[in-house]
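Work through the exercises below with the sequence and the coordinates open. Try each task before reading its solution.

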Amino acid sequence: IIFRRPHYEAFIKSVQSVFGLGGSAILYHLGIVLGQKAYEDHRRIAGENDELLLRVTSRLFKAVGYGILEFRKVDKERGRGLVRIYNNFECELYRNVGKPSSQYLRGILAGWFQRFFNRKNVRVVETKCVAKGDSYCEFEIF
């Protein structure tokens, strides 16, 4: 399935406008489920090699049009990470609104890292965002 910008923009913005903060929560939780499923698929491709897993994940993330995913730091033992996304398709929809705007992709990261860290509670905080005027989106994972 390929969604052009008018289609995914209508989907994301409609969910948020109709359901308000609840819409943001819906997008986030849908992202968690997708992130968990993506992790399982990526792990099947990469096997037990974590370095390969990160490369596969970055490449598939870009291939589906989400943006350019860069794992800046990943500490599996401490359960912490730092991730950048350039050309974040979701936040590009909210350029210059002045606040972090990723719900869906933030959820995908949370779900993916839940599986990677083998932990149910993973927090993902967007510290930089193109919607705030930054040149990329950055997420702290803990």
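**Exercise 1. What volume does the second largest pocket have, and which residues line it?**

Solution. The model is predicted.
- Step 1: the second largest pocket holds about 160 Å³ of space.
- Step 2: list its lining. Gln 16, Leu 21 and Ser 24 belong to it, together with Tyr 94, Val 97, Lys 99, Pro 100, Ser 101 and Gln 103.
- Step 3: sort these by class. The lining has four nonpolar, four polar and one charged residue.

**Exercise 2. Give the volume of the largest pocket, then describe its lining.**

Solution.
- Step 1: the volume is about 590 Å³.
- Step 2: find the centre. Among the 24 lining residues, Leu 34, Val 64, Tyr 66, Phe 89 and Tyr 104 are the closest to it.
- Step 3: assign elements. H1, H2, helix H3 (50-63), strand E1 (68-75) and helix H4 (104-117) each give two or more residues to the lining.
- Step 4: sort by class. The lining of the largest pocket has 20 nonpolar residues, four polar ones and no charged ones.

**Exercise 3. How do the axes of H1 and H2 cross, and which residues make the contact?**

Solution. Two packed helices are described by the angle and the distance between their axes.
- Step 1: take the distance. The axes of H1 (residues 5-19) and H2 (residues 21-46) come within 5 Å.
- Step 2: take the angle, which is roughly 135°.
- Step 3: classify. Angles over 145 degrees count as roughly antiparallel, and 65 to 115 as roughly perpendicular. The crossing of H1 and H2 fits neither range, so the two helices are oblique to each other.
- Step 4: name the contact. H1 contributes Phe 11, Ile 12, Val 15, Gln 16 and Phe 19. H2 contributes Leu 21, Gly 22, Gly 23, Ser 24, Ile 26 and Leu 27.
- Step 5: count classes. Seven residues in this contact are nonpolar, four are polar and none is charged.

**Exercise 4. Which residues in the loop between E2 and H4 have positive phi?**

Solution.
- Step 1: Asn 87 lies in the loop between strand E2 (80-86) and H4. Its phi is near 60°, positive although Asn 87 is not glycine.
- Step 2: Asn 96 is found in the loop between E2 and H4. Phi of Asn 96 is near 65°, again positive in a non-glycine residue.

**Exercise 5. What order do the elements of the chain follow, and what is its radius of gyration?**

Solution.
- Step 1: count four helices and four strands.
- Step 2: read from the N terminus. The order is α-α-α-β-β-α-β-β.
- Step 3: compare radii. The radius of gyration is 14 Å, close to the 14 Å that the globule rule gives for 142 residues, so the chain is as compact as a globular protein of that length.
- Step 4: add the extents. The C-alpha trace spans about 40 × 30 × 25 Å along its principal axes.

Terms used: Residues numbered from 1 in each chain as written. Predicted model: local features only at pLDDT ≥ 70, side-chain atom pairs only at ≥ 80, totals over all residues. Heavy atoms only, no water. Axes fitted to C-alpha atoms, helices over the stretch in contact; angles between N-to-C directions. Parallel < 35°, antiparallel > 145°, perpendicular 65-115°, else oblique. Contact = heavy atoms within 4.5 Å. Nonpolar A, V, L, I, M, F, W, Y, C, P; charged D, E, K, R; others polar. 1 Å grid on protein atoms, 1.4 Å probe; cavity = no way out; pocket = protein on both sides within 12 Å on 5 of 7 lines; lining within 4 Å. Points joined across faces, edges and corners; volume = space filled by probe spheres on them. Rg over C-alpha atoms; globule rule 2.2 N^0.38 Å.
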